[in-house]
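Colleague: Could you take me through one part of this model in some detail? I would like to start with a single element and then see how the rest is arranged around it.

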Amino acid sequence: MAVFLLKKRSVLLDGGTCGVKMRQLPFMWIICIIMLFIVYRTTNYQYQQTELDSRLDPFYSSKDSSLDMRSLNSLPRGIIQTRSDLELKPLWSTTSSKSKAKASNSSSHNLLAVPVGIKQKSNVDALVKKFLSANFTVILFHYDGNVDGWEDLEWSKDAIHIVAHNQTKWWFAKRFLHPAVVSIYDYIFLWDEDLGVENFDPGRYLEIVKSEGLEISQPALDPNSTGIHHRITIRSRTNRFHRRVYDIRGSTKCSDESEGPPCSGFVEGMAPVFSRSAWLCAWHLIQSDLVHGWGVDMKLGYCAQGDRSKKVGVVDSEYVVHQSIQTLGGQSLKKDSNPEESVKRHVVDVRSEIRRQSTYELQIFKDRWERAVKQDKNWEDPFKASQRRRQWYKQRRKSKVKLR
């Protein structure tokens, strides 16, 4: 009897436990459904935000403090146009404008941007004609304020003219070549005005750049050019293009061990050419408050979209002549109470002042780079890492040779 009662109690307890479990089961299902719903809504919201970010502007993320994406929630997403350009638009449609639009849509888009002064009008005219014949869009940055002086040129009405007195091309580029504005263009040529282009063809140049996978490039400089600062930019008569230079002369020694600029992965600031992706990076590298751009060329390799020793190069077969004509600035006179003495004693060489300011800004840029590297704990220098790997492989090969 006692055994029977114990068994009955055990069955009742088991039944009670099962009943509790049965009652808990629907509750667990409800919890699971709620959790799945929350996950779905969160994932869907993140997807919509990401899609909105990419549609609105491929060059910003929602983490960018300068652009609050939530402020655009009041607009229907379909109304947002993600890309812009510098193409001139007609005020009314004509047959010629429609044919131009068709031609524009069916061909590749490339941009030439040049800071210009009226003193270099003849040289700029020859330069621009070369690029217009290759269907480039042309934008002129007038640093001397003289726009009317260009109106007699046939192509002037087809170019974009922007005026700001005594500003450098880096100042102009930072403010008027925002990546979202120039995103339609495959390549951006940011050139100086004093380049001779008699031996340069934009179409052939781009064929080489594309075939060799160069994200950042420049035409080689004719050896007779003035103002040559780095041997890597000098034209080699036997090459189609080159990515590095070997030179044991001077203070900078360039050998097989040289991993970076100015021996490899380097172009100078006078005639750089950027792919769309490289320009996105380079535009952010240009400092908003530093106008002369000194030091930027040494860091452009970080914008090469990969190994700078392969993605950065100098094209030899299409080369230019750098005339090194300094027209930004010049000389000015400071007046005092005695006009005769002012000419003798107060002649101010503005070029020397510009050089002093450039040197000062170079140091600021270097300090900022070093500070940024220290502060960003998640950033690792890709070129130092690759250099360590190369050294490790070299040491390994040497050890294998010794063992043999």
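Which way do Tyr-187, Ile-188, Phe-189 and Leu-190 point from strand β4, and are they buried or exposed?

Modeller: Happy to, and please keep in mind that this is a predicted model. Strand β4 covers residues 187–190. Tyr-187 and Phe-189 point one way from the strand, while Ile-188 and Leu-190 point the other way. All four are buried. In a regular strand, side chains alternate between the two faces of the sheet.

Now for the strands that pair with β4. Strand β1, residues 110–116, pairs with β4 in the parallel sense, over four bridges. Within that pairing, Tyr-187 of β4 is the bridge partner of Asn-110. Strand β8, residues 273–275, runs antiparallel to β4 and is joined to it by three bridges. There, Ile-188 has Phe-274 of β8 as its bridge partner.

From the strand we can move on to the packing. The largest nonpolar core has 35 residues, and Leu-177 and Trp-279 have the most contacts inside it. Strand β4 is one of the elements that supply at least two residues each to this core, and β1, β2 (137–142), β3 (160–163), α4 (169–176) and α6 (276–285) do so too. Helix α6 gives the most, with five residues. A second, separate core has 32 residues, including Val-124, Ala-159, Phe-241 and Val-273. In soluble globular proteins, nonpolar side chains tend to be buried together.

Leu-177 brings us back to β4. Leaving aside neighbours within four places in sequence, Leu-177 is in contact with Leu-190. Its other contacts on that basis are Leu-86, Leu-111, Ala-113, Phe-141, Phe-172, Val-182, Trp-279 and Trp-283.

For the wider setting, the chain has eleven helices and eleven strands. Of its 404 residues, 37% count as buried. Among contacts with a separation of 6 or more, 73% are between residues 24 or more positions apart. The chain exposes about 25,000 Å², with carbon and sulfur atoms supplying 55% of that area.

Finally, a word on confidence. The mean pLDDT of the chain is 80, and 73% of the residues reach 70 or more. Over residues 1–9 the pLDDT stays under 50, and the model has zero contacts beyond four places in sequence for them. Residues 341–347 also have pLDDT below 50, but that stretch has eleven contacts in the model beyond near neighbours in sequence.

Key. Residues numbered from 1 in each chain as written. Heavy atoms only, no water. Buried < 20%, exposed > 50% of the residue type's maximum accessible area, 1.4 Å probe, protein only. Pairing = 2+ DSSP bridges. Contact = heavy atoms within 4.5 Å. Areas by Shrake-Rupley, 256 points an atom, 1.4 Å probe, with all protein chains shown as cover. Core = buried A, V, L, I, M, F, W, Y, C linked by side-chain atoms within 4.5 Å. pLDDT = per-residue confidence, 0-100.
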